[in-house]
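Biologist: Got a minute to go through this one with me? I'd like to talk about cysteines and charged side chains.

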Amino acid sequence: MSTDLSRRAVLAGGAAALVARPAEARADAPKSSFGFCLNTSTVRDKDGKSRPITELIDIAAKAGYDAFEPWVSEVDAYLKGGGTLKELRTRVADAGLKIADLIGFAEWIVEDTDRRKRGLEQAKRDMDWAAELGCPRVAAPPVGATGGASKRDDPKFTQPIIDLVAAADRYRALLDLGAKMGVIPVAEVWGFSKTMRRLGEALLVAVECGDARGCVLPDVYHLYKGGSDFAGLPLLSASAIGIFHVNDYPKIGRDQINDADRVYPGDGIAPLKDVFAALRKMNYTGFVSLELFNRNYWKQDPHVVAKTGLAKMRAVAG
């Protein structure tokens with residue numbers, strides 16, 4: 001067999017292995033083809049700060065989620081407080097949960113070589129943590145290359161990446177790093193960014209990386225914010241999606257809407273029925289994760305917010 005044919009055979013095998021598997025159903029939950037996940041940003045405190053990860057585990061478990069999606073900063077705070085990754089993994093398992101994905105912010109995509117090197121070092125740490133926690137994925141948004149569109153993630157107003165094929169090569173380096181730990185970084189669509197702001201741009205990065213483990217993280221809000229049409233979703237396969245973020249948004253223009261405007265699924269104008277129909281048609285059976293940044297929700301009882309969000313997500317999922 002030629003080298004090229006061998007490579008294609010390996011990639012095909014990798015793609016088959018990447019197809020998402022159904023999450024284990026909770027005993028008290030109705031049957032569904034999706035695993036339902038809580039992104040911890042949904043239940044921050046009234047000041048917008050993350051809650052302790054032990055509290056977040058309790059919130060997700062009591063609300064009935066199959067999994068939760070913590071941020072790297074929350075794991076870091078737990079470790080600095082004297083906890084261990086082994087203890088945290090046990091606590092998650094004892095609660096009947098899985099960690100579907102870890103939200104990371106490593107500068108893996110930037111043009112500056114030194115910054116990118118440091119970003120890969122940070123990504124390695126994040127993926128090390130994910131592996132120790134039994135978490136199969138780490139989010140990989142275009143941190144540091146947003147063209148100044150996010151003061152938090154790009155305070156240096158770094159120029160966006162114009163050459164997405166070069167970005168694909170950098171994503172491949174991230175995938176190679178994750179392969180050593182059994183963790184897959186997921187190229188995340190960021191609608192406010194000027195790099196990977198559209199679904200097609202993130203998909204190009206994943207497709208052209210030359211590795212069948214490549215996949216994307218679509219988000220209902222970010223697809224709208226970045227200008228993507230939801231009609232493009234059916235072009236994806238299940239193996240192309242690492243995890244899917246679910247939310248809704250009110251009738252606000254793309255250029256004016258921001259993260260804080262996200263609302264519960266079904267409370268806005270997003271075509272969520274069509275979104276879930278597309279996911280079902282492609283046989284996606286992975287996690288759908290509720291990710292909100294609504295300040296009004298942060299002022300409410302987090303247990304109520306988590307339960308309400310899950311009920312509304314299930315309702316639009318059908």
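Biologist: How many disulfides does the structure hold?

Modeller: Zero. Keep in mind that this is a predicted model.

Biologist: Why is there no bond between Cys37 and Cys135?

Modeller: Their sulfurs are too far apart: Cys135 has the closest cysteine sulfur to that of Cys37, and the gap is 9.2 Å, whereas a disulfide needs the two sulfurs within 2.5 Å.

Biologist: And Cys215, how far is its sulfur from the closest cysteine sulfur?

Modeller: That one is 9.0 Å, to Cys209, again too far for a bond.

Biologist: Are Cys37 and Cys215 buried or exposed?

Modeller: Cys37 is buried, at 0% relative accessible area. Cys215 is buried too, at 3%.

Biologist: OK, on to charges. How many salt bridges are there?

Modeller: The count comes to 17. One of them pairs Glu107 with Arg115, at 2.8 Å from N to O. Arg115 is buried, with a relative accessible area of 10%.

Biologist: What does Arg170 pair with?

Modeller: Glu111, in a salt bridge whose closest N and O atoms are 2.8 Å apart. Arg170 sits in helix α6 and Glu111 in the loop between β4 and α5, so the pair ties together parts 59 residues apart in sequence.

Biologist: Which of those two is buried, and which is partly exposed?

Modeller: Arg170 is buried, at 13% relative accessible area, while Glu111 is partly exposed, at 42%.

Biologist: What about Arg262, which side chain does it meet in a salt bridge?

Modeller: Asp219, with 3.3 Å between N and O. This pair links distant parts of the chain, 43 residues apart: Arg262 is in the loop between β8 and α9, and Asp219 in the loop between β7 and α8. Arg262 is buried at 0% relative accessibility, and Asp219 is buried at 0% as well.

Biologist: Which residues are joined into one network by salt bridges that share partners?

Modeller: Arg172, Asp176, Asp211 and Arg213.

Biologist: Now Arg137. Where is it?

Modeller: In strand β5, which covers residues 137-140. Arg137 is buried yet has no salt bridge.

Biologist: How far away is the nearest side chain of opposite charge?

Modeller: For Arg137 that's Asp101, 6.1 Å away, and a salt bridge has to be within 4 Å, so the pair doesn't count as one.

Biologist: Then what does the side chain of Arg137 reach?

Modeller: Two backbone oxygens: that of Ala100 at 2.8 Å and that of Gly242 at 3.0 Å. Outside its neighbours within four places in sequence, Arg137 also has contacts that include Leu102, Val183 and Phe287.

Methods: Residues numbered from 1 in each chain as written. Predicted model: local features only at pLDDT ≥ 70, side-chain atom pairs only at ≥ 80, totals over all residues. Heavy atoms only, no water. Buried < 20%, exposed > 50% of the residue type's maximum accessible area, 1.4 Å probe, protein only. Helix = DSSP H or I, 4+ residues; strand = E, 2+ residues; numbered from the N terminus. Lys, Arg positive; Asp, Glu negative; His and termini not counted. Polar contact = N/O pair within 3.5 Å; in protein donor to acceptor, adjacent residues only side chain to side chain. Contact = heavy atoms within 4.5 Å.
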